[in-house]
Amino acid sequence: MNRFLLYALLLPCCAGFTATTCAQECTIYTIPSPMGINWKSPSRLLFSYIGNMVCRSRYKKEKHPIGHMIVELKDSNRHVLVGVSNVHGSGMSGKVLRKGYGLGILFATISGTIEETDKNRPQVAQRCETGDIAFITYRVNRQVFDRLWQYLHEYKAKGYHLNYNGWNKPREGLGAGCSAFAVSFLEVGGLAQELPPGEWTVQVTVPKRLLGGKKTFARSVQFIKLLFARRWAAPHSKDGLDLMLYEPTLLYHWIVKKQKTTLPENVMKTTKGKAPGLIVDCSHLPVPDEPIWRD
């Protein structure tokens, strides 16, 4: 075959390969809880949490009783896999069992840490082999990627990663669980509108009588009260406090369901090993004109 003809045939393929592998990407990995979390009532929430704590798991210390989310940022020369977690030994369960936090633990600020690539890469790889993880990859332009990279490094520089949970407002420095931290990247990048995260959220109103913790709510709640609490408060009631959070297990099952449906033109189904995923082309979206920080 003529050499120039060969180059002409291969050039489009090579160009497409380069564009794919060098694209700027933000990926949200979601790890479901081992047995699921039941949000139908405070007591069911408690029992499902206990079940996830005591169940056996092949992942041992990385079984994530309430699920977990990890963020990956990757371009041609930068790569991180990061997530936030409570500091080992921070005693979240003990605060509920012995220190009277009750469901105030859902709003309590706990000592936090940021887990980096060397810790996250092995568990992501292992779960991709088994399918116990799912993901959404957002392909973005250079300007949006630079903004996300800046956000991550400023988040750490400000020390916001030291405050885990709390009011789950990472861009205000008011604490963030793993899911609030992950979704904040979609907000900062202007990506949340592409696959609105409403179906990944839990929204309940926690009765004030179940909110304990001396620093935040100035009351102590006996553990036994949680066992018999069969109802949430009425939405937006003065007798309760509204809670909204992004639920890793819900997101996992949402991605699995989307694998079986028709998707918008800019969304593609994919897999990594046995892990189901979606790829969203957001490269056309402009950089948001709002500030990164809300503090």
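Is E25 buried or exposed in this protein? Before I answer, please keep in mind that what we are looking at is a predicted model, and let me begin with the protein as a whole before coming back to that residue.

The protein contains eight helices and ten strands, and its C-alpha trace, followed along the principal axes, spans about 80 × 40 × 35 Å. A compact globule of 295 residues would have a radius of gyration near 19 Å, and because the protein has 21 Å, the two values agree.

If we turn to how the chain packs, buried residues account for 51% of the 295 residues. Taking the contacts between residues that are at least 6 apart in sequence, we find that 77% of them join residues at least 24 apart.

On the outside, the accessible surface comes to about 15400 Å², and carbon and sulfur atoms contribute 56% of that area. As for charge, the protein carries 39 positive and 23 negative charges, and the mean positions of these two groups lie 11 Å apart.

Now let us return to E25, which sits in strand β1, the stretch covering residues 24–31. The relative accessible area of E25 is 11%, and since buried means under 20%, E25 is counted as buried. What joins the side chains of E25 and R139? It is a polar contact, with a distance of 3.3 Å.

So, for E25, the picture to take away is of a residue in strand β1 that is buried and whose side chain is joined to that of R139 by a polar contact.

Terms used:
Residues are numbered from 1 along each chain as its sequence is written. This is a predicted model: local features need pLDDT of at least 70, side-chain atom pairs count only at pLDDT 80 or more; totals for chains, interfaces and linings use all residues. Side-chain values use heavy atoms; hydrogens and water are left out. Helices (H or I, at least four residues) and strands (E, at least two) are DSSP runs, numbered from the N terminus. The radius of gyration is taken over C-alpha atoms; the globule rule is 2.2 Å times the number of residues to the power 0.38. Buried means under 20% relative accessible area, exposed over 50%, partly exposed in between (1.4 Å probe, protein chains only). Contact means heavy atoms within 4.5 Å. Accessible areas come from the Shrake-Rupley method with a 1.4 Å probe; for residues, only the protein chains shown count as cover. Lys and Arg count as positive and Asp and Glu as negative; His and the chain ends are not counted. The place of a charge is taken as NZ of Lys, CZ of Arg, CG of Asp or CD of Glu. A polar contact is a pair of N or O atoms within 3.5 Å; within protein, one must be able to donate a hydrogen and the other to accept it, and residues adjacent in sequence count only if both atoms are side-chain atoms.
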